[in-house]
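The following exercises are to be worked through with the sequence and the model at hand. Each task is followed by a solution in steps.

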Amino acid sequence: MSNDINELREVLFGTLRSLKAGEMEPAQARAINDTAQTIINSAKVEIDHIRAVGIGASAFIEGDGAAHPSLPATPLPMLSGHPQPTRTGTKTVTKIAEGVTVTRHRMA
């Protein structure tokens with residue numbers, strides 16, 4: 001096993017084919033799906049970390065491991081803007097660097 005995104009796709013599509021052909025029980029397919037979701041969530045955290053620090057490579061998703069100059073090299077500060085009411089909830093705009101803001105929308 002190569003333990004990367006391509007391998008995961010092969011397993012998931014194989015599971016789908018087996019399920020459609022009646023060769024696999026739905027409970028077994030559900031267990032495979034739940035495990036795949038855990039792997040995907042773990043990879044998302046890994047990618048978020050790479051983006052936050054600006055360097056690194058994912059063992060799960062292919063990449064060159066080079067620094068990403070458009071991303072900050074230090075962790076972002078905690079969001080500290082004040083929520084503003086909108087038609088559908090609230091909006092918080094926070095300045096994180098000169099000319100850079102984060103806008104966070106929350107639905108009511």
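Helices (H or I, at least four residues) and strands (E, at least two) are DSSP runs, numbered from the N terminus. The model is predicted: local features need pLDDT of at least 70, side-chain atom pairs count only at pLDDT 80 or more, and totals for chains, interfaces and linings use all residues. Residues are numbered from 1 along each chain as its sequence is written, and side-chain values use heavy atoms, with hydrogens and water left out.

**Exercise 1. Determine which elements the protein chain has and what part of its residues is buried.**

Step 1. The protein chain has two helices and three strands.
Step 2. Read from the N terminus, these elements run α-α-β-β-β.
Step 3. Buried means under 20% relative accessible area, exposed over 50%, and partly exposed in between (1.4 Å probe, protein chains only). Of the 108 residues, 14% count as buried.

**Exercise 2. Compare the span of H1 with the expected value, and establish where its buried residues lie.**

Step 1. The expected span of a helix is 1.5 Å times one less than its number of residues. For the 16 residues of H1 this gives 22 Å, and the end C-alpha atoms are 22 Å apart, which agrees.
Step 2. Leu8, Thr15 and Ser18 are buried in H1. Viewed down the axis of H1, the buried residues fall within an arc of 95 degrees (taken from the directions from the helix axis to the C-beta atoms), so they line one face of the helix.
Step 3. On the other side of H1, Glu10, Arg17 and Lys20 are exposed.
Step 4. After H1 comes glycine 22, with a positive phi near 75 degrees.

**Exercise 3. Decide whether serine 18 is buried or exposed, and identify its contacts.**

Step 1. Serine 18 belongs to helix H1, residues 5-20.
Step 2. Serine 18 counts as buried because its relative accessibility is 18%.
Step 3. Contact means heavy atoms within 4.5 Å. With neighbours within four places in sequence left aside, serine 18 is in contact with Glu23 and Met24.

**Exercise 4. Describe the surroundings of aspartate 4.**

Step 1. Aspartate 4 is placed in the segment before H1.
Step 2. A salt bridge is a side-chain nitrogen of Lys or Arg within 4 Å of a carboxyl oxygen of Asp or Glu. Aspartate 4 is buried yet has no salt bridge; arginine 9, the nearest side chain of opposite charge, is 8.0 Å away. Lys and Arg count as positive and Asp and Glu as negative, whereas His and the chain ends are not counted.
Step 3. At the start of H1, a side-chain oxygen of aspartate 4 comes within 3.2 Å of the backbone nitrogen of asparagine 6.

Methods: Polar contact = N/O pair within 3.5 Å; in protein donor to acceptor, adjacent residues only side chain to side chain.
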